[in-house]
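Visitor: Hi, could you walk me through this one? I'd like to start with some terms and then look around.

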Amino acid sequence: MNDNKPQVKLISKPENMLKTIYTACRTCYSADTPLNIYDKDVDEEKMLNLIKRVIGSGHYSTIEHIQVSFAISERVLTSL
């Protein structure tokens with residue numbers, strides 16, 4: 001049996017997760033292009049407010065744009 005703890009390392013994520021979700025939300029409700037939306041300088045509070053409203057309305061697909069990948073050294077599941 002291996003006494004070493006499993007190792008978990010984040011290996012991939014979007015550069016700016018909040019801005020990515022905000023862009024997905026804003027794209028759904030704006031005539032502007034996603035690139036223009038992403039490139040605009042928007043403060044964090046404004047982004048969070050929009051994201052909360054969109055998710056609060058049940059529009060969850062906007063958060064599907066975030067993908068993170070982890071490297072995990074063990075593939076063992078223990079049940080108690």
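Guide: Happy to. A polar contact here is a pair of N or O atoms within 3.5 Å, where, within protein, one must be able to donate a hydrogen and the other to accept it. Keep in mind that this is a predicted model.

Visitor: Okay, so what does N16 reach at the start of α1?

Guide: A side-chain oxygen of N16 comes to within 3.4 Å of the backbone nitrogen of L18.

Visitor: And how many residues does α1 have, and how far does it reach?

Guide: There are 12 residues in α1, and it spans 17 Å from its first C-alpha to its last. That is close to the 16 Å expected at 1.5 Å a residue.

Visitor: Which residues of α1 are buried?

Guide: K19, T20, I21, Y22, T23, A24 and C25 are buried there. What the buried residues of α1 pack against is α2 (34–39) and α3 (44–56).

Visitor: Let's zoom in on C25. Why is C25 called buried?

Guide: C25 counts as buried because its relative accessible area is 0%, and the cut-off for buried is under 20%.

Visitor: What does C25 touch?

Guide: Leaving out residues up to four places away in sequence, C25 touches L50, I51, V54 and T62. As for T62, the two are 37 residues apart in sequence, yet their C-alphas are 5.7 Å apart in space.

Visitor: Where does T62 lie?

Guide: T62 is in the loop between α3 and β2.

Visitor: A loop residue, then. Is T62 buried or exposed?

Guide: T62 is buried, with a relative accessible area of 1%. Its contacts, again leaving out residues up to four places away in sequence, are I21, A24, C25, C28, V54 and I55. In addition, a polar atom of the T62 side chain lies 3.3 Å from the backbone oxygen of H59.

Visitor: Changing topic: how many aromatic pairs are there in the whole structure?

Guide: Zero, after a search of the whole structure. There is a ring to look at in Y38, though: the charged end of K19 sits over that ring, 5.4 Å from its centre.

Visitor: Last one, the strands. How do β1 and β2 pair?

Guide: β1 and β2 (residues 69–72) pair in the antiparallel sense over four bridges. One bridge joins S12 to its partner S69 in β2.

Visitor: And how many residues of β1 are buried?

Guide: Of the five residues of β1 (residues 8–12), zero are buried, so the strand lies largely in the open.

Conventions
Residues are numbered from 1 along each chain as its sequence is written. This is a predicted model: local features need pLDDT of at least 70, side-chain atom pairs count only at pLDDT 80 or more; totals for chains, interfaces and linings use all residues. Side-chain values use heavy atoms; hydrogens and water are left out. Buried means under 20% relative accessible area, exposed over 50%, partly exposed in between (1.4 Å probe, protein chains only). Contact means heavy atoms within 4.5 Å. Helices (H or I, at least four residues) and strands (E, at least two) are DSSP runs, numbered from the N terminus. The expected span of a helix is 1.5 Å times one less than its number of residues. Rings of Phe, Tyr and Trp (its six-membered ring) pair if their centres lie within 6.5 Å; planes under 30 degrees apart count as stacked, over 60 as edge-to-face and the rest as tilted. A charge sits over a ring if NZ of Lys or CZ of Arg is within 6 Å of the ring centre and within 35 degrees of the ring normal. Two strands pair if DSSP finds at least two bridges between them.
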